[in-house]
Amino acid sequence: MKLDLLASTHLLAVAGSRAYGMHRPGSDVDLKGLAIPPAPFVLGLGKGFEVEDTASAMDVFLPLLTDEEREVSRTTKLEGSVFELRKLLGLALDCNPHVLDVLFCRDEEVRLATPIGREIREARQLVLSQRARYTFGGYATSQLKRIQTHRRWLLDPPKARPARADFGLPDTPAIPRDHLLAADAAVKKQLEVWEPDLSNLDPSEALRVRDLLATSIAELRLADEERYRRAARWVGLGDNLVGVMLNERAYKAAVSHHDQFLRWQRARNPERAALEAAHGYDTKHGAHLVRLLTMALEVVESGEVHVWRGDRDADELLAIRDGAWSYDRLLAWSEAMEARLDAATKVTRLPAKPDRDALDALAVRWMTTGMGLVR
């Protein structure tokens, strides 16, 4: 049975730059939505449904778009993601920024809303909690890491593919591969034993604790290599074998880094590459970083998600995307904003956790109604 995506969709909105008020003529159209599939997809033995994100599947929504959006979609690929209701709500409960777009965007960006879809948007405040600080912050950190990695590639690109000899390794491994894999598995198992068990924590709280631990480890200057060496000794491996294993790990990491650089180089958009070359960093990632941290502070301070930036800071964000901020200014601003977020989170009126039980009761009703099991 093939899912009728259009008939199953209860909420669909234009997302991305168009939802932020940061789009320019010809900007791609990105859609976000939620669906409730028929009962066989949920209760039956066949393949279930969590998300549909293929470009071809999005074409069923073309009639719902504005004339301009349809025209753009004819020349660019119409992209988007439509989530099964439970999947979307699960991500929303973690305050996933990309999913919150469809719940908190303006009515002007909504292209389809059934009675269930409208009711879900009316209940959207139930998903908000202090998790927003860590989820938005986590996405911003990812943007920063990309910026820093791409900047290193831009300023000091890898010259050649790493060779085994560069790491003191012979062309042919001296130790059989299965022996190395077994030893490495033993070390990793020991490292896992040393990791704190955060499984009982909420995902956002676990992320915060991991960040604190990472900072503590960095302050103790206990590098990854040294932790690996200590774990290897703990399980009884000799120093010579450990040295070879560390060299093999370093070689593989260097090869992976080089291959990532080549993929990045091949996939670069010419216009974006020119901005990077002119300003020394990926300014588009920089604008996203600023938007995410700014929205995080707004959520924590006011309990509101302002997806539309048109009447707030869209001009500034577009200027950043065009290179108005230097790399050093971006880093300084980011560090200061993280401190503001920490301070605001201590006094926020947002609950530490969302009211999952209240939303769960609503989700049961939405699902059963959407599947046609109750009326």
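A residue is taken as buried when its relative accessible area is under 20%, and in this predicted model 42% of the 375 residues of the protein chain meet that criterion. The chain is built from 18 helices and 5 strands, and its C-alpha atoms fill a box of roughly 70 × 50 × 50 Å when taken along the principal axes. The accessible surface of the protein chain comes to about 20400 Å², of which carbon and sulfur atoms make up 52%. Among the contacts in the chain with a separation of 6 or more, 78% are accounted for by residues 24 or more positions apart.

In soluble globular proteins, nonpolar side chains tend to be buried together. In the present model, the largest nonpolar core contains 61 residues, of which Leu100 and Leu103 touch the most other members. Helix α15 gives the most to this core, supplying 10 residues. Apart from this core lies another, of 17 residues, including Val29, Leu31, Ala35 and Leu65. When residues up to four places away in sequence are not counted, Leu103 touches Leu11, Leu88, Ala92 and Ile120, together with the arginines Arg121 and Arg124.

Rolling a probe the size of a water molecule over the atoms shows where empty space is left. The largest pocket holds about 1100 Å³ of space and is lined by 32 residues, with Ser17, Arg272, Lys284, His288 and Arg321 lying nearest its centre. By class, this lining consists of 14 charged, 12 polar and 6 nonpolar residues. At least two lining residues are supplied by each of α2 (17-20), β2 (30-35), α7 (97-104), α9 (131-155), α14 (270-279) and α15 (283-302). The largest share of the lining, 6 residues, comes from α15, the helix that also gives the most residues to the largest nonpolar core.

Glutamate 338 was examined as a single position within helix α17, which spans residues 327-347. Because its relative accessible area is 21%, glutamate 338 is classed as partly exposed, the threshold for a buried residue being under 20%. Leaving aside residues up to four places away in sequence, glutamate 338 touches Arg133, Thr141 and Leu293. Two of the helices that line the largest pocket, α9 (131-155) and α15 (283-302), include these positions in their ranges. The C-alpha atom of glutamate 338 is separated by 32 Å from that of valine 82, the two residues being 256 apart along the chain.

Note on methods
Residues are numbered from 1 along each chain as its sequence is written. This is a predicted model: local features need pLDDT of at least 70, side-chain atom pairs count only at pLDDT 80 or more; totals for chains, interfaces and linings use all residues. Side-chain values use heavy atoms; hydrogens and water are left out. On a 1 Å grid over the protein atoms alone, a cavity is a set of points where a 1.4 Å probe fits but cannot get out, and a pocket is an open set with protein on both sides within 12 Å along at least five of seven lines; lining residues have an atom within 4 Å of a point. Grid points are joined across faces, edges and corners, and a volume is the space filled by probe spheres set on the points. Helices (H or I, at least four residues) and strands (E, at least two) are DSSP runs, numbered from the N terminus. Ala, Val, Leu, Ile, Met, Phe, Trp, Tyr, Cys and Pro count as nonpolar, Asp, Glu, Lys and Arg as charged, and the others, Gly among them, as polar. Buried means under 20% relative accessible area, exposed over 50%, partly exposed in between (1.4 Å probe, protein chains only). Contact means heavy atoms within 4.5 Å. Accessible areas come from the Shrake-Rupley method with a 1.4 Å probe; for residues, only the protein chains shown count as cover. A nonpolar core is a set of buried Ala, Val, Leu, Ile, Met, Phe, Trp, Tyr and Cys residues joined through side-chain atoms within 4.5 Å.
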